[in-house]
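User: I would like a close look at one part of this model: its internal cavities and what surrounds them. Please keep it brisk.

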Amino acid sequence: MRGCGKTSDKGPWPGQCTLIARPRARLNTIDLARAGSHHARMACECTVATIAGRLRHRPGETLGRHRHDCGFAALVLSGSYIEAGDRGRMRVAAGDVILHGPYESHLNTVARGGAEVLVLPWSGAIASPLGSVDDADAIARLADRDIHRASALLRAGLRTSPVSADDWPDRLAAELRRDPNLGLKEWAGQAGLRPETISRGFRQAFGITAVEFRMRSRLLKALAGMAEHSPLAAIALDSGFADQAHFSRSFRDLTGMTPRRWLALRTSATRRRSPGSPEEA
């Protein structure tokens, strides 16, 4: 679970960093987009910088599972690809949108025709990660002048849709997101599958085993609880951790900081942005 990069404390609060805007850029600098195919076989989850702008993927490109440092929206401008991540496996084409929360990870398999994606800032709750817009080109043209206005236009015109679960790895991923304490042996028996089939097949689809996916689901559930200011001990128990110490170690592996440090930074940033605060005066 330990990434090979580091997340940043910078931004409105941890995991909600401000994306760097580069108007008129044809490519952003997500590290894995320019890397070799060996990343498809990497064992760790690298943390990559998320930079707003247009991103071109080469035909047939495979990006190994990687984690972004903050939330963002990916609007497909042309081509198509498959993304398999913490919110499920999605097949997207021009006009489709995938929403990502902070600290989430995924892998991508690009179609033979390649793909161009517009990366835009996104924050707030995500009811469904999959959506679409009517005029992707209008949003892209606006993004060349103003990234944040383009993000607002996308938000205003976004139509969300449910993520399909056509195959058993997709159904298992959906069940693990709903219940991070799900017993994998019991699920395999109910699905008529052998445990080793579950381990091998799930990894082929999502780049990590079902056990690792379950841990990530627990951590993302814990993050949601922390955003609601629940007590840390209650968050650890509700998310399926054996104890608070286990939760703290896993949380630090994901974010690069302890839960208390994360909360302190978030509280400090919220106070700085509050009307009437010294920094706002």
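How do the residues of the lining of the second largest cavity divide into nonpolar, polar and charged?

Analyst: The lining of the second largest cavity divides into two nonpolar, five polar and four charged residues. This is a predicted model, and every value here is computed from it.

Start with the cavity itself. Its volume is about 60 Å³. The lining residues are Glu83, Gly85, Asp86, Arg87, Gly88, Met90, Leu99, His100, Glu104, Ser105 and His106. The four charged residues in that set are Glu83, Asp86, Arg87 and Glu104. The two nonpolar ones are Met90 and Leu99. The polar five are Gly85, Gly88, His100, Ser105 and His106. Glycine falls in the polar class here.

Now the strands. Four of them each supply at least two residues of this lining: β5, β6 (88-93), β7 (96-100) and β8.

Next, the setting. The model holds three cavities of 30 Å³ or more. The largest has a volume of about 130 Å³. It is lined by 15 residues, and Leu55, His57, His68, His106 and Asn108 are the closest to its centre. His106 is therefore a residue of both linings: it is named for the largest cavity and for the second largest, where lining means an atom within 4 Å of a cavity point.

The strands overlap too. β3 (51-57), β4 (62-68), β5 (72-85) and β8 (105-121) each give at least two residues to the lining of the largest cavity. β5 and β8 appear again in the lining of the second largest. By class, the largest cavity's lining has eight nonpolar, six polar and one charged residues. Set that beside the two nonpolar, five polar and four charged residues of the second largest.

The same strands also reach into nonpolar packing. The largest nonpolar core has 20 residues, of which Leu75, Val97, Leu118, Leu120, Val133, Ile139 and Leu154 touch the most other members. β5, β7, β8, α1 (136-143) and α2 (147-157) each supply at least two residues of this core. Its largest share, five residues, comes from α1. Apart from this core lies another, of 17 residues, including Leu107, Ala173, Leu184 and Phe202.

Last, the aromatic contacts. There are seven aromatic pairs. Ring pairs link Phe241, Phe247, Phe251 and Trp262 into a cluster. Arg155 lies over the face of Trp122, at 3.8 Å from the ring centre.

Conventions:
Residues are numbered from 1 along each chain as its sequence is written. This is a predicted model: local features need pLDDT of at least 70, side-chain atom pairs count only at pLDDT 80 or more; totals for chains, interfaces and linings use all residues. Side-chain values use heavy atoms; hydrogens and water are left out. Rings of Phe, Tyr and Trp (its six-membered ring) pair if their centres lie within 6.5 Å; planes under 30 degrees apart count as stacked, over 60 as edge-to-face and the rest as tilted. A charge sits over a ring if NZ of Lys or CZ of Arg is within 6 Å of the ring centre and within 35 degrees of the ring normal. On a 1 Å grid over the protein atoms alone, a cavity is a set of points where a 1.4 Å probe fits but cannot get out, and a pocket is an open set with protein on both sides within 12 Å along at least five of seven lines; lining residues have an atom within 4 Å of a point. Grid points are joined across faces, edges and corners, and a volume is the space filled by probe spheres set on the points. Helices (H or I, at least four residues) and strands (E, at least two) are DSSP runs, numbered from the N terminus. A nonpolar core is a set of buried Ala, Val, Leu, Ile, Met, Phe, Trp, Tyr and Cys residues joined through side-chain atoms within 4.5 Å. Buried means under 20% relative accessible area, exposed over 50%, partly exposed in between (1.4 Å probe, protein chains only).
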